[in-house]
Amino acid sequence: MLVERDTHIGRLQGLRDEALGGRGRVALLDGPSACGKTELLHACADLVEEAGFRCAQAVCSRTDQSIPFGVARQLVRAAGLSSPAALRAVAHPPAAEAEEELAARIDELCVALLERAVDRPLLVAVDDVHHADAASLRLLLHLTRRLRSARALVVLTDSFGTTPPHQPFRAELLRLPHLTRLRLEPLSERGAVALLAERHEPLRAARLAAELYPASGGNPLLLRALADDHGSASADGYGMAVLSCLHRGDPAALATARALAVLDEPATDAALATLVKMSPDAVAATRRTMAAAGLLGEEGGFRHPAAGDAVLGDTPAADCAALHRRAARMLHDHGAEPARVARHLAAADVADEAWARRVLVDAAEHELLADRAATAMTYLRLAHRAPGGNAEGAAALTKLAEAGWQQDPSAAARHLVPLAAAERAGHLGFRSCATLVRQLLWHGRTAEATGVLDRLRAAGTGGAEMADLEQWLSWTYPPLARPNGKRGVLRRSGIGALLTLRSDPWLGRVGALADDLARNRQGAVGRAKQTLWDLQLSRTAAWTDEAAVLALLTLVYAGESDTAAGWCERLMAEAARRAVPTWQALLTAVRAETAVRQGDLVAAAEHAREALTVLPAKAWGVAVGLPLGSLILATTRMGAYDEAAGYLAGSVPNAMYESWFGLPYLHARGSHHLARNHAHAALADFLSCEDLQRAWGVDVPGPVPWRTSAAEAWLRLGNRDRAKQLAHEQLARPGTGNPRTRGLALRLYAAVSPPSRRLQLLTEALELLEHTGDRYEQARVLADLSRTHYALGEHRKARLLFRQSLHVAHACKATPLAQELLLGNSEAAGAAPQADSSAEVSELTESERRVASLAVMGYTNREIATRLYITPSTVEQHLTRVYRKLHIKRRQDLPADLWMNATRAG
């Protein structure tokens with residue numbers, strides 16, 4: 001079905017009738033590529049065949065241009081010419097210099113064709129004549145000049161906008177008086193509906209036409225392809241249709257399309273002319289032709305993104321690389337943004353210009369800020385290979401190593417060898433050296449890191465930043481830190497204030513936080529909170545992630561686990577959103593540590609496993625001690641001893657014990673040994689923590705409270721004196737402001753004190769641990785309080801505390817602790833866990849819940865009234881309503897579930 005071609009059919013019928021009457025005619029069907037010229041030619045052949053014409057048809061392709069008489073041979077065969085002269089004329093083309101022989105052969109062929117029209121009218125139809133070879137074009141031109149009195153019709157299809165060598169033939173053809181030129185235009189939107197109605201219901205055809213017509217530009221071939229692709233995830237059919245249009249058209253159109261696809265952005269005619277090595281006027285004409293064919297839109301770009309993809313896929317790799325290279329040079333010469341230039345340099349995989357390295361590095365930083373790490377690393381790898389100074393290449397390699405470390409530390413380790421070589425050659429600046437030291441230490445390459453540090457110290461470079469690095473080392477890798485390192489300062493002349501020289505502010509934050517941790521300084525929590533408020537994780541600032549980790553650990557070790565957990569969740573979400581695995585793993589490991597100190601053992605194990613999944617153990621390097629320590633401790637406390645033993649069976653780097661990451665691992669291993677009744681092995685691990693901290697000169701209780709753990713091991717071994725000494729030492733240490741550590745020490749000190757003294761110590765320990773939110777340790781203190789009240793003959797209070805401790809232990813999923821409580825209590829049968837009363841408790845008002853929670857803790861009505869600033873009668877009224885709602889008769893029957901609200905109620 002030919003749509004919107006009725007006028008053309010009518011004109012061809014008239015030409016057919018004139019040819020039947022002995023007046024030869026020539027018809028030229030031209031228009032944009034794939035607009036139905038071939039279909040119209042076939043329709044014309046059908047018309048003339050009905051009238052008794054003999055048809056001689058030929059189809060041209062781009063390859064025919066190099067075959068002399070290629071089209072002529074098709075016509076000879078189709079016309080049924082079998083004379084030796086005709087066959088000889090097209091069999092062996094004459095030499096190029098034999099002009100007279102060529103003219104003679106063309107004349108022989110023309111005479112033979114016209115003789116075939118004597119007894120029966122002849123149609124000579126040639127499709128895509130612009131692809132015909134030069135000899136065949138001469139034959140067609142010679143034939144059309146001699147048609148005036150022949151019963152013959154010549155119909156040719158052509159695409160306008162084509163370039164030489166076809167243009168002279170076209171110019172001569174248009175001068176013929178018996179030529180009729182029929183121009184085919186793209187379909188209108190109404191025509192598009194009619195075309196699609198061939199295959200679809202009318203309503204669907206109308207909807208498809210409205211949706212697809214703008215992308216097709218009215219080109220029937222493209223419209224059909226879009227309709228076929230509609231509803232599919234791919235646009236392969238449309239892409240093939242675009243390539244068909246381009247390959248059947250002018251070579252200039254194909255070259256222009258490839259340049260547009262490579263640029264992939266709006267481009268001027270002058271810019272495209274630079275790429276395709278044509279004049280701007282020629283490019284403009286070609287773009288008009290492509291727009292008429294429905295390939296380009298009004299802005300001069302592809303109407304559909306699939307067109308560019310198809311053209312790129314069809315472009316040979318070498319040609320594509322050459323175009324990208326020319327595009328990069330052109331954009332750079334015109335002052336384009338580095339990101340635009342770098343994209344083409346990377347696509348060409350070449351950076352041999354003097355300006356290329358700077359452009360690639362700038363573009364890489366832009367990509368890193370946009371969290372496109374893979375693209376940035378591609379640019380940096382290319383920048384490292386680019387010609388230029390060694391220092392610039394080493395700087396690019398440093399950025400590549402840092403970006404790679406953020407994605408996968410184990411894969412980025414391959415950059416450390418060339419970086420170390422560049423450092424030894426003096427090509428790295430201080431900041432690059434600091435990054436190198438950090439990564440070498442992460443991977444346990446202590447000797448190489450020590451060499452870099454020694455050379456930095458000997459050179460005296462870095463100023464204040466070197467002091468910051470020393471302070472970071474004093475906490476993270478104490479054996480490598482220079483003793484008593486001081487900050488570098490410069491006194492401004494005439495001004496009493498001190499000016500700190502520092503080009504990396506986050507390294508300064510890291511140094512200050514590390515110094516606070518190592519010295520257990522006052523104000524550390526305030527500095528940590530301010531750091532977190534100011535923090536913005538950055539891929540281009542190498543120390544922001546370390547500042548985040550140190551600030552969070554400062555809060556954790558100061559007993560503010562709840563605050564640290566909130567910040568962890570926020571930063572973990574940001575790291576996941578920005579797809580930075582190393583950040584995500586580090587923050588998740590810190591979150592696991594906070595969960596351990598909150599007594600949320602299930603969450604601690606889950607977060608630790610997640611951290612070891614985001615980054616495999618091999619990629620963690622020496623830092624693996626952080627997630628492993630939390631995971632071993634959590635699974636041990638939950639009673640999953642085999643699982644914990646499996647984690648302990650894995651190998652860890654020896655260099656881990658030279659860093660603070662070894663402390664949580666050693667402490668967790670000792671806790672596992674203690675839980676398995678291997679007290680001597682546990683004591684050895686706890687005392688190893690002591691030895692390391694004393695050797696480092698960093699004996700602070702935050703990371704691991706080794707004294708209280710060792711005291712517990714001594715108690716298991718029956719040495720109460722040594723246990724009491726360690727607990728007393730912990731309590732007597734100056735600056736012991738950590739409420740959690742003090743609470744642990746008080747519990748151990750109470751264990752070796754007389755019952756009359758024990759109650760006061762445990763009560764204080766409970767208040768401290770409630771403040772820090774460590775439910776696991778709260779359960780242990782409650783159990784000790786219960787036993788103390790039994791010893792003092794206060795059985796009712798003891799039973800109440802026992803129920804509370806058992807409830808908290810179950811809430812923590814601390815199965816071994818719960819079993820120990822049940823087995824160690826003489827009235828365990830009567831203190832078994834009560835039935836779930838959460839439904840009834842949820843019916844209590846907030847005021848009733850506060851009163852009942854304090855009553856569960858054993859406070860009298862007057863004490864409750866004092867704490868809540870209400871009258872004793874109001875307390876009695878609240879309790880009466882609580883008893884009624886919970887279906888109980890006395891205070892002793894209050895459910896232990898209310899214990900979880902006790903801290904907030906108090």
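**Contacts, crossings and unusual backbone angles**

Setting aside residues within four places in sequence, Lys37 is in contact with Leu29, Asp30, Gly31, Pro32, Thr157, Asp158, Ser159 and Leu184. This comes from a predicted model, as does everything below. Lys37 sits in helix 2, which covers residues 37-50. Despite being a lysine, Lys37 counts as buried, with a relative accessibility of 5%. As for distance across the model, Lys37 and Ala668 are separated by 631 residues in sequence and by 81 Å in space, going from C-alpha to C-alpha.

Next comes helix 3, made of residues 70-79, where Gly70, Val71, Ala72, Leu75, Val76 and Ala79 are buried. What do these buried residues of helix 3 pack against? Their partners are strand 2 (54-59), helix 4 (84-91), helix 5 (99-119), strand 3 (122-127) and helix 6 (134-145). The backbone on either side of helix 3 is worth a look too. Phe69 is in the loop between strand 2 and helix 3, and its phi is near 60 degrees, a positive value in a residue other than glycine. Most residues other than glycine have a negative phi. Phe69 is also buried, at 0% relative accessibility. Just after helix 3, Gly80 has a positive phi as well, of about 75 degrees.

A positive phi turns up again at His887, where the angle is near 60 degrees, and here too the residue is something other than glycine. His887 belongs to the loop between helix 47 (872-886) and helix 48 (902-905). Is His887 buried or exposed? With a relative accessible area of 67%, His887 is exposed, whereas Phe69, at 0%, is buried.

The rest of the picture is about helices packing on one another. Two packed helices are described by the angle between their axes and the distance between the axes. Helix 36 (residues 679-696) packs with helix 37 (residues 706-716) at an angle of about 155 degrees, and their axes are 9 Å apart. That angle makes the two helices, 36 and 37, roughly antiparallel. Helix 36 passes helix 37 in a left-handed crossing. On the helix 36 side, the contact is made by Ala679, Leu683, Phe686, Leu687, Cys689, Glu690, Gln693 and Arg694. Helix 37 brings Trp706, Arg707, Ser709, Ala710, Ala713, Trp714 and Arg716. Sorted by class, the residues in this contact between helix 36 and helix 37 come to 9 nonpolar, 2 polar and 4 charged.

Helix 37 also meets helix 39. The axes of helix 37 and helix 39 come within 9 Å and cross at roughly 20 degrees, and the two helices are therefore roughly parallel. Helix 37 passes helix 39 in a left-handed crossing. Thr708, Ala711, Glu712 and Leu715 of helix 37 make this contact with Thr741, Leu744, Ala745, Arg747, Leu748 and Ala751 of helix 39. By class, that gives 6 nonpolar, 2 polar and 2 charged residues in the contact of helix 37 with helix 39.

Thr708, found in helix 37, gives a view of this contact from a single residue. Thr708 counts as buried, at 4% relative accessibility. Not counting residues up to four places away in sequence, Thr708 touches Gln730, Thr741, Leu744, Ala745 and Leu748. One of these partners, Thr741, is 33 residues from Thr708 in sequence and 8.2 Å away in space, C-alpha to C-alpha.

Helix 39 (residues 739-751) has a further neighbour in helix 40 (residues 755-772): their axes come within 8 Å and cross at roughly 155 degrees. Helix 39 and helix 40 are therefore roughly antiparallel to each other, and their crossing is left-handed. From helix 39, Pro739, Arg740, Arg742, Gly743, Leu746, Arg747, Tyr749 and Ala750 take part. They meet Arg758, Leu761, Leu762, Glu764, Ala765, Leu768, Leu769, His771 and Thr772 in helix 40. The contact of helix 39 with helix 40 divides into 9 nonpolar, 3 polar and 5 charged residues.

Two residues of that contact, Arg747 and Leu762, show up again around Asp784. Leaving aside neighbours within four places in sequence, Asp784 is in contact with Arg747 and Leu762. Asp784 lies in helix 41 (residues 775-791) and is buried, with a relative accessible area of 13%. The side chains of Asp784 and Arg787 are joined by a polar contact of 2.5 Å.

Technical notes
Residues are numbered from 1 along each chain as its sequence is written. This is a predicted model: local features need pLDDT of at least 70, side-chain atom pairs count only at pLDDT 80 or more; totals for chains, interfaces and linings use all residues. Side-chain values use heavy atoms; hydrogens and water are left out. Axes are lines fitted to C-alpha atoms, for helices over the stretch in contact, and angles run from 0 to 180 degrees between N-to-C directions. Helices (H or I, at least four residues) and strands (E, at least two) are DSSP runs, numbered from the N terminus. Angles under 35 degrees count as roughly parallel, over 145 as roughly antiparallel, 65 to 115 as roughly perpendicular and the rest as oblique. A crossing is left-handed if the near helix is turned anticlockwise from the far one by less than a right angle, and right-handed if clockwise. Contact means heavy atoms within 4.5 Å. Ala, Val, Leu, Ile, Met, Phe, Trp, Tyr, Cys and Pro count as nonpolar, Asp, Glu, Lys and Arg as charged, and the others, Gly among them, as polar. Buried means under 20% relative accessible area, exposed over 50%, partly exposed in between (1.4 Å probe, protein chains only). A polar contact is a pair of N or O atoms within 3.5 Å; within protein, one must be able to donate a hydrogen and the other to accept it, and residues adjacent in sequence count only if both atoms are side-chain atoms.
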